[in-house]
Amino acid sequence: MKKRVGIEALAVAVPSRYVDIEDLARARGVDPAKFTSGLGAREMAVTDPGEDTVALAATAAARLIQQQGVDTSRIGMLVVGTETGIDHSKPVASHVQGLLKLPRTMRTFDTQHACYGGTAGLMAATEWIASGAGAGKVAIVICSDIARYGLNTAGEPTQGGGAVALLVSEQPDLLALDVGLNGTCTMDVYDFWRPVGRREALVDGHYSINCYLEALSGAYRGWREKALEHGLVRWSGTMPGEQLARIAYHVPFCKMARKAHTQLRLCDLEDAVGPGPGTPEAREEVAKSSASYDTQVATSLGLNSRIGNVYTASLYLALAGLLQREGAQLASQRIGLLSYGSGCMAEFFSGVVSEKAAERMARADLEGVLARRERVSIEEYERLMKLPSDSPEAKAPAPGAFRLAEIRDHKRIYVEGGAA
């Protein structure tokens with residue numbers, strides 16, 4: 001019998017502070033609607049040097065273990081997907097293993113491919129379990145990143161930070177993945193990159209969006225071909241993409257999800273079997289229809305709009321937001337997921353939402369995670385942004401959270417917050 005493998009549970013960690021996006025707009029002399037309606041943003045997470053990739057990853061993993069009652073002796077793999085690594089050799093995963101005192105008999109490593117790195121880790125863990133090589137063990141995959149573009153830059157309102165930890169197992173209480181039906185597309189492009197030594201990324205914005213949409217088209221068509229072959233979708237009635245109950249996309253900014261969904265619908269309309277779907281102009285208008293977007297995509301964006309861009313974690317924040325709002329309603333229904341990483345790589349995959357999804361998401365307490373943050377002024381945000389990355393301020397972490405305290409002889413020293 002084929003193993004059921006997928007995501008059993010998840011947990012989210014975010015920086016302790018945020019700015020209201022309208023405050024940022026006014027400070028920059030911009031109409032707030034440009035950021036709220038134009039980008040789909042409401043709030044933006046703000047990190048300081050003590051809230052680095054390791055601290056966020058360890059906090060998310062610790063929450064996952066505590067909230068979901070994970071037996072740590074059963075963890076056989078720990079993967080961290082990140083494009084905000086802190087060392088060329090020592091992986092974030094090794095720090096997390098040590099901070100959480102996880103088993104020494106496990107496999108630990110990082111995966112890097114811009115925003116796709118977390119999905120690379122998820123697929124490695126999923127296929128390790130599905131193959132039987134895991135021998136009954138579970139895996140933790142953490143997506144942890146900090147998106148920085150700098151003060152007074154075009155990308156400033158699309159910054160953010162945070163981490164999502166995923167428990168991957170043969171008990172997929174959140175999402176049972178359709179293992180082996182993934183579609184992929186990769187191209188060697190320079191749409192977004194961050195040379196060694198830079199804290200802020202370099203991005204060719206319009207080109208990057210075009211690369212995203214082209215890679216999405218290839219990945220979606222690859223998934224659709226396999227899904228048609230296995231009878232998951234069909235060319236009858238509604239288009240194949242519309243037969244997915246919901247679709248979660250990689251979200252560098254929320255309005256990108258609308259562009260992505262329009263492109264996915266165009267793929268179906270351009271490839272439709274039978275009577276032609278009309279002229280290219282007519283197809284474009286149909287693809288832009290808000291009805292499909294409102295039904296399949298819009299409800300997934302609540303967390304992203306309040307946290308901002310989290311690179312590898314952005315897709316999984318969308319998944320978390322979707323299941324937080326509609327976990328019970330979507331039980332036993334198939335959803336699609338699109339991961340994209342600049343450079344570039346895209347993967348489209350799917351899975352069936354579990355009947356236990358709502359209960360698992362309730363344990364994650366996502367509203368509580370957001371409610372415990374502090375709203376800061378633009379002046380404080382700018383001060384934090386100007387701090388050197390290797391000079392964390394003395395600040396006690398919240399209960400159960402981790403924080404970089406100092407760097408001593410090139411060694412990073414982390415502390416954990418005590419009980420409330």
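**Cavities, pockets and strand β1**

β3, β6 (138–147) and α14 (378–385) each contribute at least two residues to the lining of the second largest cavity. The model is predicted. In this lining, β3 provides the largest share, with three residues. The volume of the second largest cavity is about 70 Å³. Its lining contains Met44, Ala45 and Val46, together with Thr47. Ile146, Ala147 and Arg148 also line the second largest cavity, as do Gln159 and Gly160. Tyr381 and Met385 complete the list. By class, seven of these lining residues are nonpolar, three are polar and one is charged.

The second largest cavity belongs to a wider set. Four cavities of 30 Å³ or more were counted in the model. The largest cavity encloses about 90 Å³. Its lining comprises 16 residues. Closest to the centre of the largest cavity are Ala41, Pro157 and Phe253, along with Asn304 and Gly308. Two or more lining residues come from each of β3 (43–46) and α10 (302–307). Strand β3 is thus named for both cavities: two or more residues in the lining of the largest, and three in that of the second largest. The lining of the largest cavity divides into eight nonpolar residues, seven polar residues and one charged residue.

Open pockets were examined next. The largest pocket has a volume of about 1,600 Å³. It is lined by 50 residues, and those closest to its centre are Thr84, Gly85, Ile86, Asp87 and Arg194. One helix and three strands each supply at least two residues of this lining: α4 (92–99), β5 (107–111), β10 (192–193) and β17 (411–416). The lining of the largest pocket is mixed in class, with 19 nonpolar, 16 polar and 15 charged residues.

The second largest pocket has a volume of about 850 Å³. Its lining comprises 33 residues. Ala154, Gly155, Thr158, Gly205 and Phe253 are the closest to its centre. Phe253 is therefore listed by two centres, because the lining residues, each with an atom within 4 Å of a point, closest to the centre of the largest cavity also include Phe253. Helices α2 (32–39), α6 (205–229) and α7 (255–271) each give two or more residues to the lining of the second largest pocket. The largest share, five residues, comes from α6. Gly205, one of the residues closest to the pocket centre, is at the start of the range given for α6. By class, the lining of the second largest pocket has 17 nonpolar, eleven polar and five charged residues.

Strand β1 gives a view of the sheet. β1 spans residues 6–13 and is mostly covered. Eight of its eight residues are buried. Two antiparallel pairings were found for β1. Strand β7 (residues 160–169) pairs with β1 over seven bridges. In this pairing, Ile7 stands opposite Val168 of β7. Strand β8 (residues 175–177) pairs with β1 over two bridges, also in the antiparallel sense. Here Gly6 stands opposite Ala176 of β8. In a regular strand, side chains alternate between the two faces of the sheet. Gly160, at the start of the range given for β7, is also one of the residues lining the second largest cavity.

Definitions and conventions
Residues are numbered from 1 along each chain as its sequence is written. This is a predicted model: local features need pLDDT of at least 70, side-chain atom pairs count only at pLDDT 80 or more; totals for chains, interfaces and linings use all residues. Side-chain values use heavy atoms; hydrogens and water are left out. On a 1 Å grid over the protein atoms alone, a cavity is a set of points where a 1.4 Å probe fits but cannot get out, and a pocket is an open set with protein on both sides within 12 Å along at least five of seven lines; lining residues have an atom within 4 Å of a point. Grid points are joined across faces, edges and corners, and a volume is the space filled by probe spheres set on the points. Helices (H or I, at least four residues) and strands (E, at least two) are DSSP runs, numbered from the N terminus. Ala, Val, Leu, Ile, Met, Phe, Trp, Tyr, Cys and Pro count as nonpolar, Asp, Glu, Lys and Arg as charged, and the others, Gly among them, as polar. Buried means under 20% relative accessible area, exposed over 50%, partly exposed in between (1.4 Å probe, protein chains only). Two strands pair if DSSP finds at least two bridges between them.
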